[in-house]
Amino acid sequence: MTETQRGSPHASASPALPPEGAHPALGRPGGGVGIRLLQVSAEIFPLLKTGGLADIAGALPAALAEADCDVRVLLPGFPAICAGLQDAVPVGQFTLPWGESVQVLAGVLPAVPGASGAPVRAYVLHAPALYDRPGNPYEDSARRPYGDNHRRFAALAWGAVRLARDLDADWSPQVVHGHDWHAGLVAACLKLTAGKRVPCVFTVHNLAYQGIFSADQFGDLGLPPAAFQIDGLEFHGQISFMKAGLFYADKITTVSPTYAREIQTPEQGFGLDGLLRTRRGDLSGILNAVDSGVWNPASDALIPRHYTAGHLGGKARCKAALQEEAGLVASKDAPLFTVVSRLTEQKGLTLVLAGIDTIVQGGGQLLVLGSGDHELETAFGHAAQLHPGRVALRIGYDEQFAHRIFAGSDITLVPSRFEPCGLTQMYGLLYGSLPLVRAVGGLADTVTDADLATLDDATATGIVFASFSEADYRHAVRRALALYRQPRAWARVRQTGMQQDFSWAQAAQHYRAVYLAALPDFSRTTT
Ligand code: ADP
């Protein structure tokens, strides 16, 4: 593959928005004739969340409804999802390729706190033998992936196919939109089996998680043997659900323009960069957005005091309350660095560990909320013991505490090795906690480094460093400490950050453009 074949940066930018009303079957946005869309994901906020995927799956339907799409979601019947589904009624059932029967329930999702708009309608696969297990949706209590994950998520794909092919007599989608490897098989099942053709859009939230299964499980999937080849879902002799999505989907999106370019390179392609380069004409990067009903310091019900960019008194109170809650020394002048994250290799937390001395010697404090990798949990635990009152750790997943952290924090650390989009740096910006990030993926797209020029023209929003090295990270921490000691400059950067617009309206229009481009008639009518 030559450099030019890698595609111009434009090939991966957000898709062009079509002229209003360009699709003859659909009419104008706001004109009352919407695209019927089925969104397929394994998680959805507020019912079930292990990471950013759930936030996006939870916010996108409402945003698309505003953009005049008729959206329903399909979810696996994990216990938290079944428990939260309201007004559930059975709409049909179908048999999986290995003979198991699944009932499909239809209902509505509970309203997201603070969000406006009509409730989102959902289909849920009621299959207790597949989904009714305690704990994490993907792993057992020893953090081992369930041995039948290929079946659990093939069932999700077949559920989408059955809904696309009129399982519900009252509603069927014109486009199916699958998220991440859990929904990777949807496009393959739709393309390779007889029945109504419905276009499929596939979104990569994180290429590192691919849904790889052994070849001897292929027989369970219900796909023709021809699918198991290099021009299909075979990946080095195994099955890849991620590759199935990338190969068979009509359009592919990922969650930031920079990540759309990065995944076409061997460094960040996880072995799929070649395929992504061949599909670059169908690939676009649409930056994730933030649900302002949930993440807004002016109205957030989960933080002790409200505040805005113009009235920051409440933020100081939030910081004092956070220091007390976390067992940190009460000090309004100590810059408070925070991490809210899965504790994994991806998130660059070895850098955070290596830079603790720099923070503490600079008069700062560090608070970490997260869970995951046992070694990282232990290492942060040791650091907290070594620096009582200066470093604090809370192991676990705590949505409410996360809100209080962003509200009380001065600096949000996201020094990731790679980062498809990242949400916490955006929450940090909106809550007046300057992000300190590595220039990668969506972090590069959302944070503007404070240097002399960007401080001068008031475009700076945080601290950005380039290479994944302890030296570069430490230098970035020292720059953050130095900026904090210049209150006027600090206030200006914080102000600019808090005024960033991460609303869903723009992203929803870009997704709508992708759906229109995937619809078969659309390309004919626009060429
Ligand atoms: P990823 O999806 O890779 O985990 P993102 O930054 O895209 O990273 O999204 C992470 C989401 O999960 C954010 O909403 C963040 O606030 C939340 N989160 C991560 N870890 C925790 C935790 N331990 N407690 C509460 N929320 C968390």
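Which residues does T254 touch, not counting residues up to four places away in sequence? The answer is in point 1, and the other points take up the ligand, the aromatic pairs and some details of the backbone.

1. T254 and its contacts. The model is predicted. In it, T254 touches T203, V204, Y259, A260, I263, L283, S284, G285 and I286, with residues up to four places away in sequence left out of the list. T254 belongs to strand β11, which covers residues 251-254. Its relative accessibility is 0%, and because buried means under 20%, T254 counts as buried. The side chain of T254 also has a polar partner: the backbone oxygen of V204, at 2.7 Å. V204 therefore appears twice for T254, in the contact list and as the partner of that side chain.

2. The shell around the ligand. The ligand is surrounded by 19 residues, and K49, G52, D55, R342 and G396 are the closest of them. By type, the shell holds six nonpolar, seven polar and six charged residues. Five elements supply at least two residues each: α1 (52-66), β13 (336-343), β14 (365-372), α13 (399-408) and α14 (424-430). Of the elements, β13 gives the most, with three residues.

3. Polar contacts to the ligand. Which atoms of the protein lie 2.7 Å from an oxygen atom of the ligand? One is a backbone N or O atom of G52, and another is a polar side-chain atom of R342. G396 approaches a nitrogen atom of the ligand instead, with a backbone N or O atom at 2.8 Å. Taken alone, the ligand exposes 560 Å², and the protein buries 93% of that area.

4. Aromatic pairs. A search of the whole structure gives 18 aromatic pairs. F78 and F153 form one that is tilted, with 6.5 Å centre to centre and 55 degrees between the planes. F78 sits in the loop between β2 (69-76) and α2 (79-84), while F153 sits in helix α4 (residues 149-164), so this pair ties together parts that are 75 residues apart in sequence. Both F78 and F153 are buried. An edge-to-face pair is formed by F247 and Y248, at 4.9 Å centre to centre and with 80 degrees between the planes. The two residues differ in cover: F247 counts as partly exposed because its relative accessibility is 26%, whereas Y248, at 7%, counts as buried.

5. An aromatic cluster. Which residues do ring pairs link into a cluster? They are F78, Y131, Y138, F153, W181, F213 and F241. F78 and F153, the tilted pair of point 4, are thus both members.

6. Helix α6. This helix spans residues 241-248 and is mostly covered, with seven of its eight residues buried. The buried residues are F241, M242, K243, A244, G245, L246 and Y248. F241 also belongs to the aromatic cluster. At the N-terminal end of α6, S240 acts as a cap, with a side-chain oxygen 3.4 Å from the backbone nitrogen of M242.

7. Backbone details to check by eye. The peptide bond from F45 to P46 is cis, with omega near 10 degrees. P46 is placed in the loop between β1 (35-40) and α1. H236 is not a glycine, yet it has a positive phi of about 50 degrees. H236 is in the loop between β9 (234-235) and β10 (238-240), and it counts as exposed because its relative accessibility is 67%. F270, also not a glycine, has a positive phi of about 45 degrees. F270 is in the loop between α7 (257-262) and α8 (273-278), and at 33% relative accessibility it counts as partly exposed.

8. R121 in strand β5. R121 lies in β5, residues 121-126. Is R121 buried or exposed? It is in between: with a relative accessible area of 42%, R121 is partly exposed. Apart from neighbours within four places in sequence, R121 is in contact with V71, R72, V73, G107 and V108. V108 is 13 residues away along the chain, and its C-alpha atom is separated from that of R121 by 4.4 Å.

Definitions and conventions: Residues are numbered from 1 along each chain as its sequence is written. This is a predicted model: local features need pLDDT of at least 70, side-chain atom pairs count only at pLDDT 80 or more; totals for chains, interfaces and linings use all residues. Side-chain values use heavy atoms; hydrogens and water are left out. A residue is near a molecule or strand if one of its heavy atoms lies within 4 Å of it. A polar contact is a pair of N or O atoms within 3.5 Å; within protein, one must be able to donate a hydrogen and the other to accept it, and residues adjacent in sequence count only if both atoms are side-chain atoms. Accessible areas come from the Shrake-Rupley method with a 1.4 Å probe; for residues, only the protein chains shown count as cover. Helices (H or I, at least four residues) and strands (E, at least two) are DSSP runs, numbered from the N terminus. Ala, Val, Leu, Ile, Met, Phe, Trp, Tyr, Cys and Pro count as nonpolar, Asp, Glu, Lys and Arg as charged, and the others, Gly among them, as polar. Buried means under 20% relative accessible area, exposed over 50%, partly exposed in between (1.4 Å probe, protein chains only). Contact means heavy atoms within 4.5 Å. Rings of Phe, Tyr and Trp (its six-membered ring) pair if their centres lie within 6.5 Å; planes under 30 degrees apart count as stacked, over 60 as edge-to-face and the rest as tilted.
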